[in-house]
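Hi there,

Here is the structure I promised to pass on to you. Have a look at it first, and then read on for what turned up when I went through it.

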Amino acid sequence: MVFDDGDDPEEKRVNRPEHGRSLTSSLLTGMRRFRTSLFALPLAAGMVIALPDGVARAADGPSLLQLGLFQREGDAWWAWDSLRRRSPDLADGLSPAVVPLDARRQGEGVALRATAPVGLDVTALCRRMLGAGFGCLVLDSPPSAPPPAPPLPAPSQASPQAPEIRPPADSAQLAPPRPGGDVKADVAITYPPEAARTMAAIEKSVRRKGRLGAVIPDTALDVMPATLKEEGWNLCALTFDDGPHRVVTRQILDVLNREKIPATYFPVASVAENQGEVIRDFIAAGHEIGNHSLTHADLRAMDPEAQRHEIAEANRILRGFGANPVLFRPPYGRYTPDLLAIAREESMSPVLWTVDTRDWQVRDPDRIVQHVKTEAGTGSVLLLHSTYPSTLNALPRVIAAMRAKGCEFVTLSEWIERMHQIATPATAMAPTLVNGGANATVKAVGKAGDATLRTAN
């Protein structure tokens with residue numbers, strides 16, 4: 001992963017060591033500011049970088065931790081009370097405060113922060129909090145930073161009523177994995193700007209292509225919306241990427257089971273390796289498990305053997321839990337023709353989506369639901385993520401909105417198989433390209449990758 005060093009001429013002028021300062025003093029100051037930049041960068045991206053134990057020890061004073069971002073002050077204090085009740089050892093010695101994210105504007109949300117005592121290994125503490133299902137982010141503001149917004153007063157002893165769904169805050173994340181590196185549990189992938197551009201390009205391609213061509217990037221078949229309308233086609237597929245998160249993913253599974261909806265889940269295999277029970281429970285409930293690579297790295301940057309290892313090793317891990325993955329979704333939706341060819345060689349069908357709910361970007365249940373109402377319909381394949389509490393909170397309304405549009409939910413493999421039945425008439429000797437527009441044409445084509453898929457699991 002490449003980080004922008006944020007070079008700013010004005011910042012360089014302010015941070016330049018004063019003339020006459022000793023070499024030792026300048027080096028110490030530079031190291032301190034470098035350490036500060038390491039923590040400030042993930043703050044902007046909403047993630048935690050796991051540094052070696054001891055690096056984040058408070059040397060010059062108390063350290064500041066961010067334990068989550070919330071829409072309401074009461075939610076933040078509820079999260080603090082939950083931490084104290086469930087894991088009092090983690091909260092011991094911390095001094096909490098709730099501060100507005102923007103002191104000049106109301107309704108912009110709040111942050112739950114806590115001051116840690118001098119000498120505490122805050123990196124190790126954050127790792128323990130993340131492992132327990134709570135959010136944690138190390139903050140280390142530079143001396144030149146403006147003073148933080150004044151904290152909001154703590155509520156009375158009576159804790160606010162807890163919402164119906166209360167998983168950890170969306171800010172509970174770890175850094176995206178490095179290519180070939182280990183992935184720790186409860187990873188919420190952070191999508192950088194270039195990934196956002198890729199996702200937007202995929203969404204635009206849906207308007208150019210038909211439903212099948214948008215979902216399977218290397219297919220020669222396609223089915224246009226007009227054809228689906230003529231056929232009365234009403235199938236939809238919910239798909240979830242990333243994780244599993246030990247709290248959020250499990251509750252997403254509960255919602256799907258309660259609503260009796262089959263879905264397709266693409267976990268990151270190196271994370272799933274330590275949470276086999278979640279994968280087994282998805283399978284037992286009739287959901288489909290797909291392949292989302294071993295580490296969620298940008299596979300385009302890897303050599304062919306490394307790409308093959310990411311796919312094959314993920315399959316090995318998932319099959320160990322009883323899954324039978326036949327679908328491969330490249331991380332960030334990034335692929336090359338060579339990567340797709342390797343996936344085919346590993347008996348995988350590469351798949352994308354037709355509607356990106358943007359839950360990875362907006363982290364707002366209302367905006368997620370509104371986007372689905374506006375963009376999705378029958379024949380849609382929705383992209384969601386299993387690691388964000390905002391997705392969990394939006395999911396029941398997303399399902400209701402899709403049902404209101406007449407959707408019948410199926411796994412993605414069944415969606416593809418049924419779509420092929422329209423694209424490939426039973427009497428045809430070879431797959432056909434179906435164009436349901438005004439000037440409909442049918443062309444004979446032949447491509448091994450267009451074979452109807454087995455239903456996974």
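W415 is buried, with a relative accessibility of 0%. Please keep in mind that this is a predicted model. The partner of W415 is W233: the ring centres are 5.8 Å apart and the planes stand at 80°, so this is an edge-to-face pair. W233 is buried too, at 11% relative accessible area. The two tryptophans come from distant parts of the chain, 182 residues apart, with W233 in the loop between α8 (225-231) and β5 and W415 in helix α17 (residues 412-423). The structure has 2 aromatic pairs in total.

For orientation, here is the overall picture. The protein chain contains 17 helices and 14 strands. Of its 457 residues, 51% are buried. Among contacts with a separation of 6 or more, 76% are between residues 24 or more positions apart.

Now to the cysteines. How many disulfides are there? The count is 2, and counted along the chain the bonded cysteines follow the pattern 1-2, 3-4.

One of them joins C236 and C407, with 2.1 Å between the sulfur atoms. C236 belongs to strand β5 (residues 235-241) and C407 to the loop between α16 (389-404) and β12 (408-409), so this disulfide ties together parts that are 171 residues apart in sequence. The torsion about its S-S bond is about -50°, so the disulfide of C236 and C407 is left-handed. Both ends are on the inside: C236 counts as buried at 0% relative accessibility, and C407 is buried with a relative accessible area of 10%.

The other disulfide is formed by C126 and C136, whose sulfur atoms lie 1.8 Å apart. C126 sits in helix α5 (residues 122-131) and C136 in the loop between α5 and β4 (137-139), with their positions 10 residues apart in the numbering. Here the S-S torsion is about -60°, so the disulfide of C126 and C136 is left-handed as well. C126 is buried at 2% relative accessibility, and C136 is buried at 0%.

Two helices are worth a look while you have the model open. Helix α9 (residues 248-259) has 12 residues, which at 1.5 Å a residue should span 16 Å; the C-alpha atoms at its ends are 17 Å apart, in agreement with that. Its buried residues are V248, T249, I252, L253, V255 and L256. Viewed down the helix axis, the buried residues of α9 fall within an arc of 160°, so they line one face. What does that face pack against? The buried residues of α9 pack against β5, β6 (264-266), α11 (276-284), β11 (381-385) and α16.

The surroundings of α9 have some backbone features of their own. Just after the helix, K260 adopts a positive phi of about 55°. The peptide bond from G243 to P244 is cis, with omega near 10°, and P244 is in the loop between β5 and α9.

Helix α12 (residues 304-319) is the other one. Its 16 residues reach 22 Å from the first C-alpha to the last, close to the 22 Å expected. In α12 the buried residues are Q307, E310, I311, A314, N315, I317 and L318. They pack against α10 (269-272), β7 (288-289), β8 (327-328) and α13 (337-345).

Finally, there are two places where an arginine lies over a tyrosine ring. The charged end of R334 sits over the ring of Y332, 4.9 Å from its centre. Y332 is in the loop between β8 and α13 and has a positive phi of about 65°, although it is not a glycine. Is Y332 buried or exposed? At 8% relative accessibility, Y332 counts as buried.

In the second place, R363 lies over the face of Y388, 4.0 Å from the ring centre. R363 is found in the loop between α14 (359-362) and α15 (365-375), and its phi is also positive, near 50°. At 22% relative accessibility, R363 counts as partly exposed.

That is what I have for now. Enjoy looking through it!

Best wishes

How values were computed: Residues numbered from 1 in each chain as written. Predicted model: local features only at pLDDT ≥ 70, side-chain atom pairs only at ≥ 80, totals over all residues. Heavy atoms only, no water. Disulfide = S-S within 2.5 Å. Helix = DSSP H or I, 4+ residues; strand = E, 2+ residues; numbered from the N terminus. Buried < 20%, exposed > 50% of the residue type's maximum accessible area, 1.4 Å probe, protein only. Expected span 1.5 Å × (residues − 1). Arc of directions from axis to C-beta. Contact = heavy atoms within 4.5 Å. Phe/Tyr/Trp six-rings, centres within 6.5 Å; stacked < 30°, edge-to-face > 60°. Lys NZ or Arg CZ within 6 Å of the ring centre and 35° of its normal.
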